[in-house]
Every structure is written in structure tokens, then in C-alpha cells.
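Got your viewer open? Let's take a short walk around the model, one selection at a time.

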Amino acid sequence: MPAVTVGTRVMGPREAGWTESAMAALAGTGLTGDERMAAAFLLFGHTRTTHSMATAGTQAWSGGSETAELIRGRADLFPELGKALSGPTPVLDDNARAFGLARLLDGLAALIEERS
């Protein structure tokens, strides 16, 4: 997905369709048109980023990764990262996709509630 949806280019019909679906889902929420587009692009961006990390094979921050092991081995340089990675990391197992989406949706819900 990121390889075909990033950079300067004309938006294709399927991507325009995704955006149309997101705009329709947010219709009647009290958000302005440009806010609905911004919300859609915010969610798309998060999905692209977490997908890119997963498909690149990085999952750099999940508990048993090489990166996590290196960080834990250099607690003198990265004390807070080392502490964060010292226990289980279930939130990071999907590159924080679900966690991030939940936080983004919570924020959008708060704005929509404020507008209604």
C-alpha cells in the first residue's frame, strides 16, 4: 500500500473511493468537510505507517526483536527505552496499530461529541 499511495501523483479511483467511504462515515458528525478529510488522512497515515513497519519486517520495538535486545543491552544509553522494553510488549506486536487507532478515534470522538 505505501509504495503506491505515497508521493506526488494523481489519486487513483480506489484511493478516491476509500476517501469517499471515510467522508460518508463521518457525515453528520458536526465536523466540517475539511476536518472530515483531515480525519480520514490522519487515519490513513497511521495505517500506512504501521503497515510499512510491519511489511519492512522491522517490528523493531516488539519484545523479542534484535532492536529491543540491543536497547536492553545498552541501558546506560537508553534507560527509558530499556525500561519500556523490559516486560511484555503486546501493544507493540502490531507496531502499535490498534493502540494508535484507538487513541486517534478517541480524539475524533471527543471532537465530534464537542460539536454535537
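Here is what to click on, stop by stop.

This is a predicted model, where local features need pLDDT of at least 70, side-chain atom pairs count only at pLDDT 80 or more, and totals for chains, interfaces and linings use all residues. Residues are numbered from 1 along each chain as its sequence is written, and side-chain values use heavy atoms, with hydrogens and water left out.

Start by colouring by pLDDT, the predictor's confidence in each residue, from 0 to 100. The protein's mean is 84, with 83% of residues at 70 or more. Among the elements, helix α1 (residues 2–5) has the lowest mean, 56, and helix α6 (residues 97–115) the highest, 95. Helices here are DSSP runs (H or I, at least four residues), numbered from the N terminus.

Next, select residues 13–25, which make up helix α2. Which of its residues are buried (under 20% relative accessible area)? They are E15, T19, A22 and M23. These four cover an arc of only 100° around the axis (taken from the directions to the C-beta atoms), so they sit on the same side of α2. Now look at the other side: P13, R14, E20 and A25 are exposed there, meaning over 50%.

Stay in α2 and click S21. It is partly exposed (in between those two cut-offs), at 47%. Add A40 to the selection: its C-alpha atom is 9.3 Å from that of S21, though the two are 19 residues apart along the chain.

Last stop: show R103 and F99. The charged end of R103 sits over the ring of F99, 5.0 Å from its centre; that label needs CZ of Arg or NZ of Lys within 6 Å of the ring centre and within 35 degrees of the ring normal.

Technical notes:
Helices (H or I, at least four residues) and strands (E, at least two) are DSSP runs, numbered from the N terminus. Buried means under 20% relative accessible area, exposed over 50%, partly exposed in between (1.4 Å probe, protein chains only).
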